[in-house]
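Hi everyone, and thanks for coming. Today I'd like to walk you through one protein chain, step by step, so please have a look at the screen.

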Amino acid sequence: RDVRQAYSDLDASVYQRKPHLQYAAEDEQDDDGPKTLNIYDLTRILDEALTDPNKTQACISSLWEIVQNITLDPNFAQYLFNSEVRSREQACAAFIQNISLLSDRYPQYQYMLIRIVAKFCIVADPRLGEMCFNFLASLSLASEESMAQVMDVIKEKVLPQHLGGTLEDKSFATVVNGLSRFCSETSEMLARALEPMMSHLCQLLKDQIVSSGTNAQAFNNTCDSNIKSLVLLMEDAVSHPPNAKTMADPVESEDLCKHMGSYLARPDKFNLQNNVVTYVKMAQLLQVCVVTSPDEVISSMSKTGSSVTADTIFARIAHQIVTFCNDSPEHKSLILKRKVASLINLMADMIGWESAMSGVIREKLLLSGDQSELMAGILKAPEEKIRDPLIFTAAIYFIQKILQNQQTRDRFFDTCVTALRLDDLDNRIFPYLDHHKYKEMYGICLQHSALEEEQTSHMPHASFAQAVPEFVGADNIFVHQAFVAVVNLTDLFLQFNNEDAAAHLFKLSDVQKHRCDQVSHAMADQNRDSLLFRLLQGPSHDV
């Protein structure tokens, strides 16, 4: 979003709004002494700062002095929204609008205004706090200097007030919800600021996951809302490695990973239609923990006396993947496809990671009993009847992890090559790099992006037909991820064809080497190099 939106139009609305705001007289007295200022009075100070440039500095200084007395005392909200305030929504919007106008018109006062708004972020009124955080989040995108100023104030003024807060505290809940609205551009700075309270956030998330198992629907809905805010906030937090280590640590996080795994394995959460963002982000958080400290994660799940262990959790997750892939997946909702893709990615890192505990899970899920079930289900993803780019991307990533591990590669090498038709002139991955599948893939990815933003869960494919750009303008992140998956798998087979790598790094058998030669020749006949170089036309650095 561009914080430099149509401020000239907002200027005019300042005056149009005035007849609707009933300000109290400055010299009005309460029975117990001087009148307590409400939000109308504060907005009036900002109005004066906007309308009379000669008084701007004095008005902002006056407001600055007033807000220094703001504390977390819940009575302050009662004073701010006393009986004179007819509409909280309108009053809050007017206040924030004037702050925005002043910040744009007088950059020299921006830092002071940010500190003023930060004070109101912790007022025990969710609507005002939400608007304040939205303003700060938008302002942080204006420039690197603005971002630094906003994050500095949040770290200094907002977070220290809530190091031990609970979600029952309205002001703390407002802070968690507000910070979760900050975009990825601010994630690194926000992540560093959150480090002192990361352990506390983990404990809060664990408590909410446990509470979400209750049968009381209203209470369950509240827990799900809290979980969503926490996972969105922690998604940014784990970009800072120490925070990821804290989340993976069973002591620091109170076995959070085990509880996240249990949540993902619950059929009621998997089938729920309105929690797609929560579910997917939680799967991604657990995936980060698995990559960060796989042995710690799995050992914490498998503690003695635990009724649910790591292998049962991942077995249930695997069952959800298999059930989806075997039960008319082409007719499943976009929401379930999004969830299944996140679970396949999680399982890829769980099974493919080189660690002792991952080896135990790998044995139980792939290399014992009916080992073909999970692989057979995932290998169906590139088939026409599923036709979902996110599941395709996750499946290719899963196959890459299977082929990188010698134990699973020896078992499933031929199965993977055959399923993807990699040694055929009509393989199942290159069409995604060409016009053959590009437009269809892009349209579906746009639907997933809309779902990610919670704009829709079932928009028809035709609704996005006009929005598909030419290849050089492909800027959808899910499309980029599909391209990256294909490139990485292609690169893996190029490494297999390297004689030294094949013999020493991967230890391929003669039969596997021969089939890799067949794959290489087939890919070359399908213009592999031209397709790959064509990807450089796109705007993605990752690709």
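I'll begin with the whole chain and then turn to helices, salt bridges and a few single residues.

One thing to keep in mind from the start: what you see here is a predicted model. The chain has 543 residues, and buried residues make up 53% of them. In terms of secondary structure, there are 28 helices and two strands. How do the contacts spread along the sequence? If we take contacts between residues at least 6 apart in sequence, 75% of them join residues at least 24 apart.

Let's look at some helices, with α19 as our meeting point. Helix α16, residues 276-292, packs against α19 at an angle of about 5°, and the two axes are 9 Å apart. Are these two helices roughly parallel or roughly antiparallel? Angles under 35 degrees count as roughly parallel, and α16 and α19 are therefore roughly parallel to each other. On the α16 side, the contact includes V276, Y279, V280 and A283, and on the α19 side it includes I335, R338, L343 and D349. Sorting the residues of this contact by type gives 11 nonpolar, four polar and three charged.

Now compare that with a second partner of α19. Helix α18, residues 310-326, packs with α19 at an angle of about 135°, with 10 Å between the axes. That makes α18 and α19 oblique to each other, and their crossing is left-handed. From α18, the contact is made by F314, I317, A318, Q320, I321 and F324, while α19 brings in residues including L336, K337, V340 and M350. The residues of this contact divide into 12 nonpolar, one polar and one charged.

While we are on helices, please find α14, residues 256-265. How many of the 10 residues of α14 are buried? Eight of them are, so this helix is largely enclosed by the rest of the structure. The buried ones are L256, C257, K258, M260, G261, Y263, L264 and A265.

On to salt bridges. The chain has 14 of them, and I picked a few to show you.

The first one on my list pairs R44 with D41, and their closest N and O atoms are 3.5 Å apart. Both residues sit in helix α2, residues 39-51, three residues apart, which is about one turn of the helix. Here is a handy rule: an α-helix has 3.6 residues a turn, so residues three or four places apart point the same way. As for D41, its relative accessible area is 2%, so it is buried.

Next comes K401 with D349, where the closest N and O atoms are 3.6 Å apart. This pair links distant parts of the chain, since K401 is in helix α22 (residues 389-404) and D349 is in helix α19 (residues 334-352), 52 residues apart. Both K401 and D349 are buried. You have already met D349, by the way: it belongs to the contact of α19 with α16.

Then we have R515 and D414, with the closest N and O atoms 3.1 Å apart. Again, distant parts of the chain are linked: R515 lies in helix α27 (residues 510-525) and D414 in helix α23 (residues 406-420), 101 residues apart. Are the two partners buried or partly exposed? R515 has 16% relative accessibility and counts as buried, whereas D414, at 38%, is partly exposed.

Salt bridges can also join up: K206, D207 and E254 are linked in a network of them.

Last stop: two residues in loops. F471 lies in the loop between α24 (435-452) and α25 (477-496). Being in a loop does not put F471 on the outside here: its relative accessibility is 4%, so it counts as buried. Leaving aside residues up to four places away in sequence, F471 touches L433, Y438, F483, R534, L535 and G538. The C-alpha atoms of F471 and P539 are 9.5 Å apart, although 68 residues separate the two along the chain.

The other loop residue is S180, found between α9 (170-179) and α10 (187-194). With a relative accessible area of 14%, S180 is buried as well. Which residues does S180 touch, not counting those up to four places away in sequence? They are S229, L232 and L233.

That's my tour, and thanks for listening!

Terms used
Residues numbered from 1 in each chain as written. Predicted model: local features only at pLDDT ≥ 70, side-chain atom pairs only at ≥ 80, totals over all residues. Heavy atoms only, no water. Salt bridge = Lys/Arg side-chain N within 4 Å of Asp/Glu carboxyl O. Helix = DSSP H or I, 4+ residues; strand = E, 2+ residues; numbered from the N terminus. Buried < 20%, exposed > 50% of the residue type's maximum accessible area, 1.4 Å probe, protein only. Axes fitted to C-alpha atoms, helices over the stretch in contact; angles between N-to-C directions. Parallel < 35°, antiparallel > 145°, perpendicular 65-115°, else oblique. Left-handed = near helix turned anticlockwise from the far one by under 90°. Contact = heavy atoms within 4.5 Å. Nonpolar A, V, L, I, M, F, W, Y, C, P; charged D, E, K, R; others polar.
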